[in-house]
Amino acid sequence: QVRLVESGGGLVQTGGSLRLSCAASGRSFSSLTMAMAWFRQAPGKEREFVAVADWNAYTYYADFVKGRFTISRVNAKKKVYLQMNSQKPEDTAVYSCAAGGVGTSYPQDFNDWGQGTQVTVAS
């Protein structure tokens with residue numbers, strides 16, 4: 001079993017910044033083989049991919065966050081971060097982290113999910 005707990009969400013104004021954290025725990029988690037990703041879901045909309053980082057520092061981003069968000073991970077601490085800069089109102093959503101054995105942008109490839117943290121960007 002893998003447990004993922006997000007933190008760092010909150011309310012910011014347009015152009016502001018937030019840093020999200022996700023802590024992984026559990027005997028099934030492996031920093032050597034598991035990719036970690038961020039997804040988000042706004043009310044009434046489908047979950048969408050934000051960013052992913054594999055176990056070897058490879059990162060990939062959705063087009064709408066390139067140049068604004070940065071994903072990073074510290075394997076020794078079993079944590080992944082999402083630094084969000086220049087935020088826009090359309091970034092408002094529940095942000096969830098996920099872990100899986102492969103690093104893709106597809107939610108079905110991730111078996112373990114956190115409960116999410118709310119990010120609200122005011123106009």
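Leu4 touches eleven residues beyond its sequence neighbours, with residues up to four places away left out of the list: Cys22, Ala23, Ala24, Met36, Cys97, Ala98, Ala99, Asp112, Trp113, Gly114 and Gln115. The model in which these contacts occur is predicted.

Leu4 is also one of the residues that touch the most other members of the largest nonpolar core, together with Trp38, Val50, Ile71, Leu82, Met84 and Tyr95. This core holds 36 residues. Seven strands are listed as giving two or more residues to the core, and the table names them with their residue ranges.

| Strand | Residues |
|---|---|
| strand 3 | 18-25 |
| strand 4 | 35-41 |
| strand 5 | 48-53 |
| strand 7 | 69-74 |
| strand 8 | 79-84 |
| strand 9 | 93-100 |
| strand 11 | 117-122 |

In soluble globular proteins, nonpolar side chains tend to be buried together.

The secondary structure consists of 11 strands and 0 helices. Along the sequence, the pattern is therefore written as β-β-β-β-β-β-β-β-β-β-β.Four of the strands form an open sheet in the order 1-3-8-7, and their pairing is antiparallel. The edges of the sheet are strand 1 (3-7) and strand 7; each has a single partner strand, so one side of each is left without a neighbour in the sheet. From one strand to the next, the twist averages 15°. Within the sheet, strand 3 and strand 8 run antiparallel and are joined by 6 bridges. Ser21 stands opposite Tyr81 in strand 8.

Ala57 is found in the loop between strand 5 and strand 6 (59-61). Its relative accessibility is 63%, and because exposed means over 50%, Ala57 counts as exposed. Val94 is 37 residues away from Ala57 along the chain, and the C-alpha atoms of the two are separated by 25 Å.

The remaining values describe the protein as a whole. Its radius of gyration is 13 Å, which agrees with the value near 14 Å that a compact globule of 123 residues would have. Along the principal axes, the C-alpha atoms fill a box of roughly 40 × 25 × 25 Å. Of the 123 residues, 41% are buried. The protein exposes about 6,500 Å², and carbon and sulfur atoms supply 48% of this area. Among contacts between residues at least 6 apart in sequence, 56% join residues at least 24 apart.

Terms used: Residues are numbered from 1 along each chain as its sequence is written. This is a predicted model: local features need pLDDT of at least 70, side-chain atom pairs count only at pLDDT 80 or more; totals for chains, interfaces and linings use all residues. Side-chain values use heavy atoms; hydrogens and water are left out. A nonpolar core is a set of buried Ala, Val, Leu, Ile, Met, Phe, Trp, Tyr and Cys residues joined through side-chain atoms within 4.5 Å. Buried means under 20% relative accessible area, exposed over 50%, partly exposed in between (1.4 Å probe, protein chains only). Helices (H or I, at least four residues) and strands (E, at least two) are DSSP runs, numbered from the N terminus. Contact means heavy atoms within 4.5 Å. Two strands pair if DSSP finds at least two bridges between them. Axes are lines fitted to C-alpha atoms, for helices over the stretch in contact, and angles run from 0 to 180 degrees between N-to-C directions. The radius of gyration is taken over C-alpha atoms; the globule rule is 2.2 Å times the number of residues to the power 0.38. Accessible areas come from the Shrake-Rupley method with a 1.4 Å probe; for residues, only the protein chains shown count as cover.
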